[in-house]
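Work through these exercises with the structure open beside you. Try each task before you read its solution.

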Amino acid sequence: MIRHINHIAIVVPDVEEALSFYQDALGLKLSHVEPNEEQGVVVAFLPTGKSEVELVEPVDTHTGVARFLNKRGPGLHHICFEVDDMQATLARLDAKGVELINREPIIGTGGKKTAFIHPRSACGVLIELYEVTPEEPERRRERVANWRRRLRVRRRVAIAGIRAFLRALRQKGGVTSEAQAVQPQAEARRRARQDHRDRGSHNLS
Ligand code: CO
């Protein structure tokens with residue numbers, strides 16, 4: 001059963017610029033910004049009730065999200081529905097002939113499950129399915145608290161310092177083009193991850 005929309009992911013070229021609309025003009029509250037180095041993106045979270053808007057900025061040019069942005073420009077990337085039973089949901093969709101990107105769920109930290117439905121079966125929209133574990137909200141609060149602490153230690157205030165924070169992230173090994181030129185091993189690892197992603201996972205968060 002579908003519970004509710006967990007998040008709506010919007011791909012943007014610049015999170016800080018996007019916040020001038022979603023936060024300043026529209027009035028959503030920014031809960032936090034965090035990099036996902038595995039996915040090569042920076043994500044800003046703007047909760048609204050049980051759901052949230054996630055602004056996703058690709059910082060690694062080799063990712064699927066970066067290609068999506070290049071090809072189609074900023075806009076809706078995917079909608080994520082929370083489900084109470086992932087296996088049953090996937091079995092039902094499969095039986096109805098829905099094209100699943102992941103026939104088996106991707107198991108994340110703490111046992112949370114994610115799977116994607118191909119846009120071809122969903123009127124052109126990439127659909128993410130998500131089954132949370134009971135511990136997930138607590139894990140998430142911890143992660144946010146850790147990020148806030150790290151930001152404070154570096155004297156970066158979450159909102160005022162986003163640009164500097166993003167710049168620092170891009171300049172760190174593994175996300176800049178210069179770094180790629182001098183880090184062939186990192187590049188090889190990135191390509192391996194990319195191959196993995198191209199085989200099916202479009203997971204963002
Ligand atoms: Co997502």
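**Exercise 1. Which residue in β3 is the bridge partner of Val33?**

Solution. Keep in mind that this is a predicted model.
Step 1: Look at how β2 and β3 pair. They are antiparallel, with five bridges.
Step 2: Find Val33 and go across to β3. The partner there is Ala44.
Step 3: Place the pair in the whole sheet. Eight strands form an open sheet, in the order β2-β3-β4-β1-β5-β8-β7-β6, with mixed pairing. β2 (32-36) and β6 (106-107) are the edge strands, and each of them pairs on one side only.

**Exercise 2. Describe how β4 pairs with β3 and with β1.**

Solution.
Step 1: Take β3. It runs antiparallel to β4, and eight bridges join the two. One facing pair is Val42 and Glu57, the latter in β4.
Step 2: Check the link between them. β3 and β4 make a hairpin with two residues between the strands. Gly49 sits in the turn and has a positive phi of about 65 degrees.
Step 3: Take β1. It pairs with β4 in the parallel sense, over five bridges. His7 stands opposite Glu52 in β4.

**Exercise 3. Explain why β4 counts as largely enclosed.**

Solution.
Step 1: Recall the cut-off. A residue is buried if 20 or more other C-beta atoms lie within 10 Å of its own.
Step 2: Apply it to β4. Six of its eight residues are buried, so the rest of the structure largely encloses this strand.

**Exercise 4. Map the largest nonpolar core.**

Solution.
Step 1: Start with its members. The core has 16 residues, and Val12, Val15, Ala44, Leu55 and Val56 touch the most other members.
Step 2: Assign elements. β1 (2-11), α1 (15-25), β3 (41-48), β4 (51-58) and α2 (64-72) each give two or more residues. β3 gives the largest share, four residues.
Step 3: Zoom in on Val12. Leaving out residues up to four places away in sequence, Val12 touches Ala18, Leu55, Val56, Glu57 and Pro74.
Step 4: Look elsewhere. A second, separate core has twelve residues, including Leu90, Ala115, Tyr130 and Val132.

**Exercise 5. Where is the pLDDT below 50?**

Solution.
Step 1: Begin with the chain. Its average pLDDT is 82, and 74% of the residues score at least 70.
Step 2: Find the low stretches. Residues 173-185 are below 50, with 15 contacts in the model beyond near neighbours in sequence. Residues 198-203 are also below 50, with eleven such contacts.

Technical notes:
Residues are numbered from 1 along each chain as its sequence is written. This is a predicted model: local features need pLDDT of at least 70, side-chain atom pairs count only at pLDDT 80 or more; totals for chains, interfaces and linings use all residues. A nonpolar core is a set of buried Ala, Val, Leu, Ile, Met, Phe, Trp, Tyr and Cys residues joined through C-beta atoms within 7 Å. Two residues are in contact if their C-beta atoms, placed from the backbone, lie within 7 Å. Two strands pair if DSSP finds at least two bridges between them. pLDDT is the predictor's confidence in each residue, from 0 to 100.
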